[in-house]
Amino acid sequence: MLKVSGLNVYYGESHVIRDVAFDVAEGETVAIMGRNGMGKSTLLKSLIGMLPARSGEISLGGDLISGRPSFARVAAGMGFVPQGRMIFPYLTVEENILTGMENVVDKTVPAYVYDVFPVLAEMKTRRGGNLSGGQQQQLAIARALVSNPKVLILDEPTEGIQPSIIKDIAQALNRLKTDRGFSLVVSEQVLSFAVDVADRFLIIEKGEFVYEGPKETVDQARIHSYLTI
Amino acid sequence: MTFDVLAMQAFTGLSIFTILMLMALGLAIVFGLMGVINMAHGELMAMGAYCSYGAARFFENFAPSMMDYYVFVGILLAFVVTSAFGFLLERGLIRFLYKRPLDTLLATWGLSLVLQQVYRQFISSKEVEVPTVSWLQGAWQPTDGIALPLSRIFIVVLAIVTAAAVYWLLFRTRWGLRIRAVTQNRAMAGAAGINTARVDAYTFALGCGLAGIAGSSFTMLASTGPTTGQHYIVDTFIVVVFGGVESLLGTISSAFIIGQMQSWFEFELSGSMARASILLLVIVVLFFRPNGLFATKVRR
């Protein structure tokens, strides 16, 4: 479904992502694990086009999307939930969700969104900026979902969120994946959350993948050793 | 103070309020929402005024029987011309400067000088005036002591209609949602699927078009010259900053407060003392509320 090859991304002069290549199959969930500063966010931001890639190809379902602006990548079937949520603080919860519906003909929030995230239905008319971190995370996921993505990208969804809500979000994601059939790319530092949602793990270190393994055979102790200093 | 004087003063305040509001609406969008410091905003108002002047001359020469209605043509023409100019300006200049506010300031200031010279060269170096249409001459006298000039009443109505239209566009339409999303977080709006470049261009064009409407209606109150824009721009920025950027309602309330203060202070003090005390008050308020009087509080 998603195919990335030879991707190089720079922050100014520093070479952050080095020749990265990976594939994501239809319906598959890939967790990209790594410590702070190893390039997780940079990689995901360059997938959606928030950061320009210096070289490399990104294709989605056979469509070459690298080089297109963000909105065109969303139209092609990418969904993005950034680190730190980045919901629109002055828009209401409902308006925040509606911003994700540019390419949908019927511009009303679909019922399954409030079904999976009931708290968003309660908070419909509140400003996004007045929600708690966990609620904002759910809102950011909902905003990306309503564009009906083929590949959903989640950047550190557990950052700054209390453990019970992390469990809820993992459950919601698994339910949405089976119901809606999208592939998922998630960057993560919390191993328990990644184990809950992912089919395959990729470890990133200094902008390169250093380990790859499916969930069944994964060596949790080894992954853990990459996450701790 | 008699009732008549009170009513007249209140109306003067209302009139100044609506004039300030018309001036500030466009800038509230361009500067308040988009964060573009457009020093040529005043010249865009002058451009709108010249559109009205052009419409008046056209009707005078080619359709004198329709002269009574040129006002509406003038306003429409002003909106179309200035928003088209704004669209080209955004595509050709402003969009390259979004992350460079100082360069924007210099570039648009340069543009304002260029426009002034263009007006001087190709229209007239002298002030031009438009004839007042017959149905806006004179005043409405509800009682013997009160006389409310019709042209000012027209501007009050025009300002209210314009503000309502802008409110409807921003808060009740899909376009408004796009504009608000892009102005709050341009990168994220793109990643949510919104074509940010197109929204930027249309938003800027809308702000410029509103400046055109303001300029066009001011021809009823004053004559228009190449430097007319310079007189408007300072007041306009004060209204937007005082009200709090990012808040349209703040801009409107700020225009109301400043308008009423101007009217009442001028009645009690001299004109320049009134302006000085208003500026002093604005400074004091901004000292305690740097984000303006009506900044919305949310977690970012």
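A residue counts as buried under 20% relative accessible area, as exposed over 50%, and as partly exposed in between. With that yardstick, B:E60 is partly exposed, because its relative accessible area is 38%. B:R57 lands in the partly exposed class too, at 39% relative accessibility. The model described here is a predicted one, and these two residues make a handy starting point. Their side chains meet in a salt bridge, with N and O 3.7 Å apart. B:E60 and B:R57 sit 3 residues apart in helix α2 of chain B, so about one helical turn separates them.

Next comes the place where the two chains meet. On chain A, 27 residues are in contact with 22 residues of chain B. Putting the chains together buries about 2,300 Å², and carbon and sulfur atoms give 60% of that area. On the chain A side, A:F71, A:Y90 and A:E102 do a good deal of the covering: they supply 31% of the area that chain A buries against chain B, more than any other three residues.

Charged side chains also reach across this interface, where 3 salt bridges are found. One of the residues just named, A:E102, pairs with B:R174, and the closest N and O atoms of that pair are 2.7 Å apart. In addition, 6 residue pairs are in polar contact between chain A and chain B. Which helices of chain A each bring at least two residues to the side that touches chain B? They are α2 (70-76), α3 (93-98) and α6 (133-145). Sorted by class, that side of chain A has 14 nonpolar, 8 polar and 5 charged residues.

Another salt bridge joins A:E95 and B:R180, with 2.9 Å between the closest N and O atoms. A:E95 belongs to helix α3 of chain A and B:R180 to helix α6 (residues 174-184) of chain B, so this pair links two chains. Both residues are buried, whereas B:E60 and B:R57 are partly exposed.

Helix α3 of chain A also holds A:N96. Is A:N96 buried or exposed? It is buried, because its relative accessible area is 0% and the buried class covers anything under 20%. Leaving aside residues up to four places away in sequence, A:N96 touches A:I87, A:F88, A:L91, A:G128, A:L139 and A:R143.

Salt bridges turn up inside a chain as well, and the search over all chains gives 16 of them. In one, the side chains of A:E28 and A:R200 come within 2.7 Å, N to O. This pair ties together distant parts of the chain, as the two residues are 172 residues apart. A:E28 is in the loop between β2 (14-24) and β3 (29-33) of chain A, while A:R200 is in strand β9 (residues 200-205). Both partners fall under the 20% limit for buried residues: A:E28 has 15% relative accessibility, and A:R200 has a relative accessible area of 14%. The pair does not stand alone, for salt bridges with shared partners join A:E28, A:R200 and A:E212 into one network.

Then there is the nonpolar interior. The largest nonpolar core has 162 residues, and A:L2, A:F22, A:I97 and A:L120 touch the most other members. Helix α1 (residues 3-33) of chain B gives this core its largest share, 15 residues. As for A:F22, its contacts beyond four places in sequence are A:L2, A:K3, A:V4, A:I32, A:L43, A:L47, A:L202 and A:F209.

Two loop residues round off the picture. B:N38 lies in the loop between α1 and α2 (41-62) of chain B, and it counts as buried because its relative accessibility is 0%. Its side chain reaches the backbone nitrogen of B:A40 at 3.0 Å. Not counting residues up to four places away in sequence, B:N38 touches B:L27, B:V30, B:L44, B:T108, B:F204, B:I233 and B:F237. B:N38 and B:L111 are 73 residues apart in sequence, yet their C-alpha atoms are 9.4 Å apart in space.

In chain A, the loop between α5 (118-122) and α6 contains A:L131. This residue is likewise buried, with a relative accessible area of 0%. A:L131 and A:M101 are 30 residues apart in sequence and 21 Å apart in space, C-alpha to C-alpha.

Notes
Residues are numbered from 1 along each chain as its sequence is written. Chains are lettered from A and ligands numbered from 1 in the order in which they are written. This is a predicted model: local features need pLDDT of at least 70, side-chain atom pairs count only at pLDDT 80 or more; totals for chains, interfaces and linings use all residues. Side-chain values use heavy atoms; hydrogens and water are left out. Contact means heavy atoms within 4.5 Å. Buried area is the accessible area (1.4 Å probe) that two parts lose on being put together, summed over both. A salt bridge is a side-chain nitrogen of Lys or Arg within 4 Å of a carboxyl oxygen of Asp or Glu. A polar contact is a pair of N or O atoms within 3.5 Å; within protein, one must be able to donate a hydrogen and the other to accept it, and residues adjacent in sequence count only if both atoms are side-chain atoms. Helices (H or I, at least four residues) and strands (E, at least two) are DSSP runs, numbered from the N terminus. Ala, Val, Leu, Ile, Met, Phe, Trp, Tyr, Cys and Pro count as nonpolar, Asp, Glu, Lys and Arg as charged, and the others, Gly among them, as polar. Buried means under 20% relative accessible area, exposed over 50%, partly exposed in between (1.4 Å probe, protein chains only). A nonpolar core is a set of buried Ala, Val, Leu, Ile, Met, Phe, Trp, Tyr and Cys residues joined through side-chain atoms within 4.5 Å.
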